[in-house]
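Welcome! Let's take a walk through this structure together, one stop at a time.

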Amino acid sequence: MPTPSLAALPVRRLTLRDLRACADLSEDRGWSREEHKWGLLLTAGRGYGIDDPEGGLVSACTVTEYGPPERPALAAVGMVLVAARHARRGVGRRLMRHVISALGPTPLTLHATPNGRPLYEELGFKVVGRAEMVRGRFSPGGPVPRTATRAATAEDLAAVLRLDAEVFGTDRTHIIARLPAFADRFHVAEEEGRLIGYAASWPHTHDDVVGPLVARDTETAKALVSSLAAHTRRPLRTDIDVRHEELLAWVTARGLERVADNAVMTCGAAELPGDWTRRFAPLTVAAG
């Protein structure tokens, strides 16, 4: 249970002025600082936090809403962190309850670690799937994917947004339109001039994260991963829906190792909208 002093601290909206404090909080919990990702999430979505009277943040999280602004169809909760010195005192529960209240009837989703899952279940979240984090140096080999891929251009954005809305079941223009500036590489796959997939890779501290990864089928997903991997010497990391068993087997055969297993959870919705068969990996688990 939180102490009276912690219980009295207000939850407030975070802005880009809080970027350093958010990065400090990540580092405090043993994560990399992730300023690049925090910056995206605080501009494309909202941040919530509790200030520490001694400086910095007691706790923080982000919320990224999708769909019509006046009535979002889905909100992804991510980056839920509590400073180590305040851990196990009910702070995370209090912050999450504030977020749930603030979002009202909007369905929520998040990716939960094994340690975080009990709290989210207590708050009403249900497990609807799993995602496997894989990481390692990609080694080309085996049959070369035949699907044509290339770097995306500004002219591709409209088609990417249409495909993304089909696959995710709601409009995500405000975050997908930021991909060209956020990502180091942004590739599309096409067949006879028709866009059938897209993927991006963006810089993390020690690796390149592949996400989002949207594709008509597994062969298209392989082609996109291969094309992104060909343009970097850094290890790759991504979070693949475990139902895509063939892609998971393929990336592990190419040198990536399974390093974490997170539960995909929802609250206020029985399942995620859209077409999971074409949704291979998220932009980041924090954004759904």
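Our first stop is Thr106, which is buried, with a relative accessible area of 10%. The cut-off for calling a residue buried is a relative accessible area under 20%, so Thr106 qualifies at 10%. You will find Thr106 in the loop between helix 4 and strand 5 (108-112). Leaving aside residues up to four places away in sequence, Thr106 touches Pro72, Leu74 and Ala75. Please keep in mind along the way that this is a predicted model.

From there, let's turn to helix 2, which covers residues 19-28. Which residues of helix 2 are buried? They are Cys22, Ala23, Leu25 and Ser26. These buried residues lie on the same side of helix 2, because they cover an arc of only 155° around the axis. As for their partners, the buried residues of helix 2 pack against strand 1 (11-14), helix 3 (35-44), strand 3 (57-66) and strand 4 (74-82).

Helix 3 deserves a second look. Packed helices can be described in a simple way: one gives the angle between the two axes and the distance between them. The axes of helix 2 and helix 3 come within 10 Å and cross at roughly 130°. With that angle, helix 2 counts as oblique to helix 3. Which residues make the contact? On the helix 2 side they are Leu19, Cys22, Ala23 and Ser26, and on the helix 3 side they are Glu35, Trp38, Gly39 and Leu42. Cys22, Ala23 and Ser26 also appear among the buried residues of helix 2. The crossing of helix 2 past helix 3 is right-handed.

Now follow the chain onward from helix 2. After this helix comes Gly30, with a positive phi near 85°. In the loop between helix 2 and helix 3 you will also meet Glu34. Most residues other than glycine have a negative phi. Glu34 is not a glycine, yet its phi is positive, at about 60°. Is Glu34 buried or exposed? Glu34 is buried, its relative accessible area being 10%.

A positive phi turns up again at Arg88, a residue other than glycine whose phi is near 60°. Arg88 sits in the loop between strand 4 and helix 4 (91-103). With a relative accessible area of 85%, Arg88 is exposed. Arg89 belongs to the loop between strand 4 and helix 4, and Arg89 is partly exposed, with a relative accessible area of 24%. Where the chain is concerned, Arg89 and Ala7 are 82 residues apart, and their C-alpha atoms are separated by 9.6 Å.

Further along, Ala154 is located in the loop between strand 7 (148-151) and helix 6. Ala154 counts as exposed, at 68% relative accessibility. Ala154 and Val63 are 91 residues apart in sequence, and from C-alpha to C-alpha they are 27 Å apart in space.

That loop leads us to helix 6, residues 157-168. How far apart are its end C-alpha atoms? They are 16 Å apart, which agrees with the 16 Å that the 12 residues of helix 6 should span at 1.5 Å a residue. The buried residues of helix 6 are Val160, Leu161, Leu163, Asp164, Val167 and Phe168. Because they cover an arc of only 165° around the axis, they fall on the same side of helix 6. Their packing partners are helix 7 (173-176), strand 8 (185-191), strand 9 (194-203), strand 10 (208-215) and strand 13 (279-281). Following helix 6 is Gly169, whose phi is positive, near 75°.

Strand 10 has a detail of its own. Most peptide bonds are trans. The bond from Gly211 to Pro212, however, is cis, with omega near -5°, and Pro212 lies in strand 10.

Our last stop is another pair of helices. The axes of helix 9 (residues 218-229) and helix 10 (residues 245-253) come within 10 Å and cross at roughly 30°. Angles under 35 degrees count as roughly parallel, so helix 9 is roughly parallel to helix 10. Helix 9 contributes Thr218, Glu219, Ala221, Lys222, Val225 and Ser226 to the contact, while helix 10 brings Glu246, Leu247 and Trp250. Helix 9 passes helix 10 in a right-handed crossing.

Terms used: Residues are numbered from 1 along each chain as its sequence is written. This is a predicted model: local features need pLDDT of at least 70, side-chain atom pairs count only at pLDDT 80 or more; totals for chains, interfaces and linings use all residues. Side-chain values use heavy atoms; hydrogens and water are left out. Buried means under 20% relative accessible area, exposed over 50%, partly exposed in between (1.4 Å probe, protein chains only). Helices (H or I, at least four residues) and strands (E, at least two) are DSSP runs, numbered from the N terminus. The arc is that of the directions from the helix axis to the C-beta atoms. Contact means heavy atoms within 4.5 Å. The expected span of a helix is 1.5 Å times one less than its number of residues. Axes are lines fitted to C-alpha atoms, for helices over the stretch in contact, and angles run from 0 to 180 degrees between N-to-C directions. Angles under 35 degrees count as roughly parallel, over 145 as roughly antiparallel, 65 to 115 as roughly perpendicular and the rest as oblique. A crossing is left-handed if the near helix is turned anticlockwise from the far one by less than a right angle, and right-handed if clockwise.
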